[in-house]
Amino acid sequence: MCEPISAFDTGRLRPEALAVLLDFDGTLVAIADQPGGVVLKQHTVRTLARLETLLGGAVAIVSGRSIEDIDRIFAPRRPAVAGIHGLERRDGGGRRHGGDYDRAALDAIATRLGDAIADRPGLVLERKPGSVALHYRQCPELEAFCLEQARDIAARHPDARLLSGKMVVEIKLGARTKADAVTDFMAEPPFAGRTPLYAGDDVTDEDAFRAVAGLGGISIKIGCGETVALYCVPDTEAFLDWLGDLSEGLAAGRAPAHGEGPRP
C-alpha cells in the first residue's frame, strides 16, 4: 500500500541527480469526457518549464496519447515524450524511435470496433498511430459490452495487446509498454545517472512504477486504488500543487520543512 506523499523524505535529492517522468491524462490534466477536451493550465506549463531548466532537461512525458497529440497540446514546446504507451518515443535530443506497426491490422481493428458500436451513441472511438481506444465515460453502463467487444477483436490479432484504463479500453499493436519507455529514457542523456521520479494515475502506469522501482527511483500514484507505487496523492489538483511546490523548492535549493510535501 502506498504512503501519502507527505511521508516522502526528499532531503537527500538534488536537482542535478533527479529525473522527472510524468503521465499526462489524469496526472498533468484532469480527465475529460472527450480526449480533445482536456485543458493544460499555463501554471502547469510554467512549472514543467522550470523543472526542465533546473534538471538540465531531464523531464519527459510518458502518455497513451500520440506524440503529435502531445505536441499539439504543448505547442510551441516539444518535450521529450513517449506516446501510445511506449510504442513511439522522442528522446531528449529530439530523435524519434519506434512507432512501427501493422497499419492493415490497425485498419481492420478500427473497422470491426466501429461496426460493433455503430448503434451505441455516446461511445467514442479514438484512432491513434498504433492503437484504437474505445471511451465509454459517457456510457459507464456499457463497460462490460465494450470490454467484451475489444477482447473479441483483439483475440484475432496476435500482435494486439488489450489495455484497460479509466472508462476506456484500448487495443494496441506491439509489445512495448510505458516501462520500456522509462528504461530507454533513463539509459540516455540527460536522464542517465539520475534518480527517476515517475507519476501516473492509471493501470498502464503500473508497468512504469515497476521499472522505476528497479532503477531505485520514486513512484507516485494519483488517486485511489491498488498500486505498486511508493507514494500517492488524492487527485490531479493535489499532484499539480505538489509539483509546483517541488519546482519552487528545487529553485530555492532547500528541502521541505517538517510536514510539508516533498521538495528536493
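This is a short walk through the structure, one selection at a time. Keep in mind that the model is predicted.

**Stop 1: helices α1 and α7**

Start by selecting residues 42-54, which make up helix α1, and residues 236-252, which make up helix α7. The two helices pack at an angle of about 35°, and their axes lie 10 Å apart. Turn the view until one helix sits in front of the other, and you'll be looking at a left-handed crossing of α1 and α7.

Now show the side chains where they touch. On the α1 side, pick T44, T47, L48, R50, L51 and L54. Their partners in α7 are L240, L243, G244, L246, S247, E248, L250 and A251. Colour this contact by class and you get eight nonpolar, four polar and two charged residues.

**Stop 2: the largest pocket**

Stay with this pair of helices. Which elements give two or more residues to the lining of the largest pocket? They are α1 and α7, and α7 gives the most, with four residues. To find the pocket, select A30, K41, T236, E237 and L240, which are the closest to its centre among the 14 residues that line it. The space here is about 230 Å³. Its lining divides into seven nonpolar, four polar and three charged residues.

**Stop 3: the second largest cavity**

Helix α1 has one more thing to show. Select L48, E52, V59, A60, I61, F74, R77 and P79, and you've outlined the second largest cavity. L48 may look familiar, as it was also among the α1 residues that meet α7. The elements that give two or more residues to this lining are α1 and β3 (59-62), and the largest share, three residues, comes from β3. About 30 Å³ of space lies inside. By class, the lining has six nonpolar, no polar and two charged residues.

**Stop 4: the largest cavity**

How many cavities of 30 Å³ or more does the count come to? Two, and the largest holds about 450 Å³ of space. Zoom in on D25, H135, K166, V168 and D202, which are the closest to its centre out of 29 lining residues. Next, switch on the strands β7 (124-128), β8 (131-135), β9 (160-165) and β10 (168-173), the elements that give two or more residues to the lining. Of these, β9 gives the most, with three residues. Colouring the lining by class brings up eight nonpolar, eight polar and 13 charged residues.

**Stop 5: helices α5 and α6**

Move on to helix α5 (residues 178-186) and helix α6 (residues 205-214). They pack at an angle of about 35°, with 7 Å between their axes. This time the crossing of α5 and α6 is right-handed. Show K178, A179, V182 and T183 from α5, which meet D205, D207, A208, A211 and V212 from α6. The contact between α5 and α6 has five nonpolar, one polar and three charged residues.

**Stop 6: a salt bridge from K178**

Keep K178 selected and add D23. The two form a salt bridge, with the closest N and O atoms 3.1 Å apart. Why follow this pair along the chain? K178 lies in helix α5 while D23 lies in the loop between β2 (18-22) and α1, so the salt bridge ties together parts that are 155 residues apart in sequence. If you want to keep exploring, the count for the model comes to 20 salt bridges.

Definitions and conventions
Residues numbered from 1 in each chain as written. Predicted model: local features only at pLDDT ≥ 70, side-chain atom pairs only at ≥ 80, totals over all residues. Heavy atoms only, no water. Axes fitted to C-alpha atoms, helices over the stretch in contact; angles between N-to-C directions. Left-handed = near helix turned anticlockwise from the far one by under 90°. Contact = heavy atoms within 4.5 Å. Nonpolar A, V, L, I, M, F, W, Y, C, P; charged D, E, K, R; others polar. 1 Å grid on protein atoms, 1.4 Å probe; cavity = no way out; pocket = protein on both sides within 12 Å on 5 of 7 lines; lining within 4 Å. Points joined across faces, edges and corners; volume = space filled by probe spheres on them. Salt bridge = Lys/Arg side-chain N within 4 Å of Asp/Glu carboxyl O.
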